[in-house]
Amino acid sequence: MKGLVFHLHSGQEPARGRAAIREAAAGTFALVPDLTVHLVSLRVGEDFWVVQWQLTGTSATGNPVCVDLADYVLVENGAVKEKHSYVDGVAMQAALG
C-alpha cells in the first residue's frame, strides 16, 4: 500500500512503505529477540484504533524488558494507513543499556 507509515516516536524518522516497516520491525526484534506483547487496552473508532500494550522479554544484552507502549493507528478504507507508537523511553533505555 503506497503511503503506509510506521513511526516509533523515540527519535528516529518514520518508516514509509512495507519494506522499510519490515526493516524497522526486524530491528526491534533484534534488540529483544524473545519479545512478548501483552494487550492492556483497545479502543476502536470508525477510522482509528488506540491500543495500550506491555512489552516483556529479555534484551540482546541479557537485561529484563518490561516496557509500556501505546499505538495510535489510522485506518482508511478498512486498511491501516499509519501507525504511531509511543514507548516508555526511560524504561526502554534502562532495559537495553
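Helices and strands here are DSSP runs, numbered from the N terminus. With that in hand, select N77: this residue sits in the loop between strand 5 and strand 6. This is a predicted model, and the loop is a handy place to start walking through it.

**Stop 1: the loop residue**

Stay on N77 and look at its backbone. Its phi is positive, about 55 degrees, although N77 is not a glycine. Is N77 buried or exposed? With a relative accessible area of 79%, N77 is exposed, because anything over 50% counts that way.

**Stop 2: the salt bridges**

Next, show the charged side chains. How many salt bridges does the structure hold? There are 2. As background, side chains of opposite charge can pair when their charged atoms come close.

Pick E76 and K81 for one of the bridges: their closest N and O atoms are 3.3 Å apart. E76 is partly exposed at 43% relative accessibility, and K81 is also in the partly exposed class, with a relative accessible area of 31%.

Now select K83 and D71. These two form a salt bridge as well, with 3.3 Å between the closest N and O atoms. K83 belongs to strand 6 (residues 79–87) and D71 to strand 5, so the pair ties together parts that are 12 residues apart in sequence. Check the surroundings of each partner: D71 is buried, with a relative accessible area of 5%, while K83 counts as partly exposed at 26%.

**Stop 3: the nonpolar core**

Time to go inside. In soluble globular proteins, nonpolar side chains tend to be buried together. Here, the largest nonpolar core has 14 residues, and the ones touching the most other members are L8, I21, V65, V67, L69 and V87. Color strand 1 (5–8), strand 5 (64–76) and helix 2 (89–96), since each of these supplies at least two residues of this core. Which element gives the largest share? That would be strand 5, with 3 residues.

Zoom in on V87 and display what surrounds this residue. Leaving aside residues up to four places away in sequence, V87 touches L8, S10, V67, D68, L69 and M92.

**Stop 4: a nonpolar patch on the outside**

Back out to the surface and select L39, L42, V44 and W49. Together they form a nonpolar patch with about 390 Å² of accessible area. Strand 3 (residues 36–44) gives the most to this patch, with 3 residues. Click on L42, which is placed in strand 3. How accessible is L42? Its relative accessibility is 43%, so L42 counts as partly exposed.

**Stop 5: helix 2 and a long hop**

Move on to V90, found in helix 2. V90 counts as exposed, because its relative accessibility is 67%. Draw a distance from V90 to F6: the two are 84 residues apart in sequence, and their C-alpha atoms are 21 Å apart in space.

**Last stop: color by confidence**

Finish by coloring the chain by pLDDT. The average is 90, and 98% of the residues score at least 70. Which element has the lowest mean pLDDT, and which the highest? Helix 2, the home of V90, has the lowest at 83, and strand 3 has the highest at 97.

Methods:
Residues are numbered from 1 along each chain as its sequence is written. This is a predicted model: local features need pLDDT of at least 70, side-chain atom pairs count only at pLDDT 80 or more; totals for chains, interfaces and linings use all residues. Side-chain values use heavy atoms; hydrogens and water are left out. A nonpolar core is a set of buried Ala, Val, Leu, Ile, Met, Phe, Trp, Tyr and Cys residues joined through side-chain atoms within 4.5 Å. Buried means under 20% relative accessible area, exposed over 50%, partly exposed in between (1.4 Å probe, protein chains only). Helices (H or I, at least four residues) and strands (E, at least two) are DSSP runs, numbered from the N terminus. Contact means heavy atoms within 4.5 Å. Patches are made of residues with over 30% relative accessible area and no salt bridge: like charges are joined within 9 Å, nonpolar side chains (Val, Leu, Ile, Met, Phe, Trp, Tyr) within 5 Å. Accessible areas come from the Shrake-Rupley method with a 1.4 Å probe; for residues, only the protein chains shown count as cover. A salt bridge is a side-chain nitrogen of Lys or Arg within 4 Å of a carboxyl oxygen of Asp or Glu. pLDDT is the predictor's confidence in each residue, from 0 to 100.
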